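Here is a quick tour of a few residues worth a look. Have the structure open as you read.

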Amino acid sequence: MEKEFNKKVFLKNDLFKKDYSFVVLPDTQNIIERKEEYYLKMMQWIRDNQDVYNIKAVLHMGDIVNSNTLREWEVAKQGFSYLKDIPFIPMMGNHDNFDMFNKYVSYDEYKEKEYFGGTYQEGNLKHFYWFVNCIEVEYLIISLGWAPSFDVLNWASNVINTFPNKRVIIISHALMHREGKLLKKEHMYSITSYDGLENYPEGYQIFDHFKNCKNVVLMLSGHISSNDISMYIENDIPSLLFDNQDEDKLKHLCMMGLLSFTGNECFVNWYSFKEEALYEEKNQFKIVLKK
């Protein structure tokens, strides 16, 4: 029997209206391919609620599109345009063709934005970092696209060491499995299961590379589809998986993660703008970040 949406858990603004919020977009590949009108309405919702929730950034978990058709990328780009007044941090996933990603996520366009920090390789945004200022907290957000090499991980560490006073959030497309474990070789869709990536770091190695960094407070990922938010914690660093991929069994609920902050407390919510409701009480919780 298909699981019913929990209509009893409806959203009220004060549930996550804190000092400021980040929106986390799970892999948008299927919603853009199958229900583009919902994708655009979701991006419109973010823009319309920027002031309501004091949204300071929108973080994409990768796999922007599914089949790399011209139509998919045009729809994706249209959605990006709704967020022109909000720092939007895109990410390249394994479904995103490198050339198409670079065309529609233009380096020349993003390097002019005030929150732009820098890139691993000049000319593309596969691996890059942003600065986001939130009241008295300054964030360094590092976006590591699909399959970062060990050299990319070292580059990211050097960036972190350059800004020791900033609170660091690391986003990487593939970090976690839906069971609340870090991604390893034995898992389906692990990084090293793809051709040509046998010697690249797995999800657990990406996490391990940064877990001793004093100012890394949170890691986020997508890639592995899951109806619920999954979490792994080690060394006081939570890693969260957001990726329902808008599967049909969820009736295109257009899920998004909402991270709302007060001090070093982060309130995590799994929200459907389409239903104007939270999805399952177990997906609404608080984590305490390192100071």
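When two residues are said to be in contact here, they have heavy atoms within 4.5 Å. Keep in mind that this is a predicted model.

Let's start with His60, which sits in strand 2 (residues 55-60). Leaving aside neighbours within four places in sequence, His60 is in contact with Leu25, Pro26, Asp27 and Thr28, with Phe88, Ile89, Pro90 and Met91, and with Ile171. Is His60 buried or exposed? His60 has a relative accessible area of 2%, and buried means under 20%, so His60 counts as buried.

What does the His60 side chain reach? One partner is the side chain of Thr28, with a polar contact at 2.9 Å. The His60 side chain also gets to the backbone nitrogen of Gly62, at 2.9 Å.

Now for the backbone. Ala147 has a positive phi although it is not a glycine, and Asn235 is another residue other than glycine with a positive phi. Here they are side by side:

| Residue | Phi | Loop | Relative accessibility |
|---|---|---|---|
| Ala147 | about 55 degrees | between strand 6 (137-144) and helix 6 (150-162) | 6%, buried |
| Asn235 | near 55 degrees | between strand 11 (230-234) and strand 12 (237-241) | 37%, partly exposed |

Why do these two get their burial labels? Ala147 is buried because its 6% falls under the 20% cut-off. Asn235 is partly exposed because its 37% lies in between that cut-off and the 50% one for exposed.

Terms used:
Residues are numbered from 1 along each chain as its sequence is written. This is a predicted model: local features need pLDDT of at least 70, side-chain atom pairs count only at pLDDT 80 or more; totals for chains, interfaces and linings use all residues. Side-chain values use heavy atoms; hydrogens and water are left out. Helices (H or I, at least four residues) and strands (E, at least two) are DSSP runs, numbered from the N terminus. Buried means under 20% relative accessible area, exposed over 50%, partly exposed in between (1.4 Å probe, protein chains only). A polar contact is a pair of N or O atoms within 3.5 Å; within protein, one must be able to donate a hydrogen and the other to accept it, and residues adjacent in sequence count only if both atoms are side-chain atoms.
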